[in-house]
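Here's a quick briefing to keep beside the viewer while you click around. Have a look at the fold first, then come back for the details.

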Amino acid sequence: MTQAVTPDRRRFLQATLALGAAALPARAFLAAAEPEKTKVPAEKDQEDVSPAEDLMREHGVLKRVLLVYDEALRRLDSSGEGTDLPPETIADSAGIIRTFIEDYHEKLEENFLFPRFRKAHTLVDLVDVLTAQHQAGRRVTDTTIRLANAKSIRDARERKQLGDSLRAFVRMYAPHEAREDTVLFPALRRIVSAHEYDALGDQFEDEEHRRFGEDGFEKYVDKIAGIEKKLGIYDLTQFTPKA
């Protein structure tokens, strides 16, 4: 049976509805005033890197190869015959230089960066030197690859050629990459628009995936880490000066 609505009950219901209506704007105000929760970017956004960051982290792989070359030189010089230098460590490191640095990283610079600097009439002299050094580096790597074997290391003349090749590469590329990291790459933002800068990052990523598949950078980090472990130079603590 439907309960009759008495005057007192009607007044109670009307008061309740009025309070609820009055609370709606307050709740809306509080919701608007509540700090916006931090948006968690999609996984792809978290992995996106700028063109300069992409090139500089690839320089990190190059630097680690230079450390391997330094260790190889130390062993060649200390043993006289390089008997404690596994030749595959040099061959594999030179392979990383050829495939990941010269045929990929430097091609990005030559195809996407250097033309833009020349068009903008900015740092052209530096770009010319860097281009010439890329060409010289490839010739040096040719020599290193040819001599990175047990037979050449046992031969005094070829062992000296290998050592000279490693020294020449380290001597040129340490200042080469430092100049790019501190001068060329930071200047890129000044000669391209923000949209073009972002588009370059996408082009670099697409090219990396085309050449090496997913996680190409990570694969080469793992490769150089394996070489460091084989030479016993992976543990960073050994490079800390003793107090």
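The notes below go from the overall fold to the core, then to a ring cluster and two of the helices.

Keep in mind that this is a predicted model. The protein has 9 helices and 0 strands, and 36% of its 243 residues count as buried. Among contacts with a separation of 6 or more, 79% are between residues 24 or more positions apart.

**Nonpolar core**

- Nonpolar side chains in soluble globular proteins tend to be buried together.
- Here, the largest nonpolar core holds 52 residues.
- Tyr69, Ile96, Phe100, Leu113, Leu166, Phe169 and Leu184 are the residues with the most contacts inside this core.
- Two or more core residues come from each of helix 3 (51-79), helix 4 (87-119), helix 5 (124-147), helix 7 (156-191), helix 8 (194-212) and helix 9 (216-231).

**Leu166, one of those core residues**

- Leu166 sits in helix 7 and has a relative accessible area of 0%, so it counts as buried.
- Leaving out residues up to four places away in sequence, Leu166 touches Tyr69, Ala72, Leu73, Leu76, Ile90 and Thr144.
- Take the Ile90 contact: the two residues are 76 apart in sequence, while Leu166 and Ile90 have their C-alpha atoms 9.4 Å apart.

**Aromatic cluster around Phe100**

- The model has 8 aromatic pairs.
- Phe100 and Phe212 make one that is tilted, with 5.7 Å from centre to centre and 50° between the planes.
- Phe100 belongs to helix 4 and Phe212 to helix 8, so this pair ties together parts that lie 112 residues apart in sequence.
- Both Phe100 and Phe212 are buried.
- Phe212 also pairs with Tyr220: the ring centres are 5.2 Å apart and the planes meet at 70°, so that pair is edge-to-face.
- Tyr220 is buried because its relative accessible area is 11%, under the 20% cut-off; Phe212, at 14%, also counts as buried.
- Put together, ring pairs link Phe100, Tyr104, Phe212 and Tyr220 into a cluster.
- Beyond its immediate sequence neighbours (up to four places away), Phe100 touches Glu58, Val61, Gly95, His105, Phe212, Phe217 and Tyr220.

**Charges over rings**

- Lys223 places its charged end over the ring of Tyr220, 5.7 Å from the ring centre.
- Arg57 does likewise with Phe217, its charged end sitting over the ring at 4.3 Å from the centre.

**Helix 8, side by side**

- Helix 8 runs for 19 residues and spans 27 Å from first C-alpha to last, close to the 27 Å expected at 1.5 Å a residue.
- Which residues of helix 8 are buried? They are Tyr197, Leu200, Gly201, Phe204, Glu207, Glu208 and Phe212.
- These buried residues cover an arc of only 130° around the axis, which puts them on the same side of helix 8.
- His195, Asp198, Asp206 and Arg210 are exposed on the other side of helix 8.
- Gly213 follows helix 8, and its phi is positive, near 80°.

Note on methods. Residues numbered from 1 in each chain as written. Heavy atoms only, no water. Core = buried A, V, L, I, M, F, W, Y, C linked by side-chain atoms within 4.5 Å. Buried < 20%, exposed > 50% of the residue type's maximum accessible area, 1.4 Å probe, protein only. Helix = DSSP H or I, 4+ residues; strand = E, 2+ residues; numbered from the N terminus. Contact = heavy atoms within 4.5 Å. Phe/Tyr/Trp six-rings, centres within 6.5 Å; stacked < 30°, edge-to-face > 60°. Lys NZ or Arg CZ within 6 Å of the ring centre and 35° of its normal. Expected span 1.5 Å × (residues − 1). Arc of directions from axis to C-beta.
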